[in-house]
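I opened this notebook to record what I looked up in one structure. The entries follow the order in which I took up each topic.

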Amino acid sequence: MELTIRRKAFLEDLPGLVERAVRDYGIGLRKIVIEEDEKGCYTVFITYGVSKSRPYSSP
């Protein structure tokens with residue numbers, strides 16, 4: 001099963017947000033999608049895999 005979480009960030013916060021996602025989800029990380037809105041704010045979608053034997057835990 002895959003789950004996707006959404007985070008809002010400004011440009012200067014993106015590197016830290018991506019670094020944390022990689023650290024927290026490790027090999028379970030499937031993809032990261034970054035979208036910019038008209039106000040210059042970014043929405044980051046982090047998709048990761050979860051096995052049925054390992055319950056969801058929020059980072």
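The entries below concern strand pairing, salt bridges and one strand residue.

**Entry 1. Status of the model.** I note at the outset that this is a predicted model.

**Entry 2. Strand pairing.** I looked up how strand 2 and strand 3 are arranged. Strand 2 covers residues 29-36 and strand 3 covers residues 42-49. I find the two paired in the antiparallel sense, with seven bridges between them. For the register, I recorded that V33 has F45 of strand 3 opposite. I then turned to the connection. Five residues lie between the strands of this hairpin, and G40 adopts a positive phi near 85° there.

**Entry 3. Salt bridges, overall.** I asked how many salt bridges the structure holds. The count is three. As background, I keep in mind that oppositely charged side chains can pair when their charged atoms come close.

**Entry 4. E2 and R30.** I looked up the salt bridge between the side chains of E2 and R30, for which the N to O distance is 3.6 Å. E2 belongs to strand 1 (residues 2-9) and R30 to strand 2, so this pair ties together parts that are 28 residues apart in sequence. I also checked the accessibility of R30: the value is 48%, which means that R30 counts as partly exposed.

**Entry 5. The group in helix 1.** Which residues are linked with D24 in a network of salt bridges? I find R20 and R23 there. R20 and D24 approach to 3.1 Å between their closest N and O atoms. Both of these residues lie in helix 1 (residues 14-25), four residues apart, about one turn of the helix. For the salt bridge of D24 with R23, the closest N and O atoms are 3.7 Å apart.

I then looked up the accessibility of each member. R20 is partly exposed at 38% relative accessible area, and D24 is partly exposed at 31%. R23, at 57%, counts as exposed, because the cut-off for that class is over 50%.

**Entry 6. T47.** My last look-up concerned a residue of strand 3, T47. Is T47 buried or exposed? Its relative accessible area is 4%, so I enter T47 as buried, the limit being under 20%. I next listed its contacts, leaving aside neighbours within four places in sequence. T47 is in contact with E2, L3 and T4, and also with G28, L29, R30 and K31. I note that this list includes E2 and R30, the two partners of the salt bridge in Entry 4.

How values were computed. Residues numbered from 1 in each chain as written. Predicted model: local features only at pLDDT ≥ 70, side-chain atom pairs only at ≥ 80, totals over all residues. Heavy atoms only, no water. Pairing = 2+ DSSP bridges. Buried < 20%, exposed > 50% of the residue type's maximum accessible area, 1.4 Å probe, protein only. Contact = heavy atoms within 4.5 Å.
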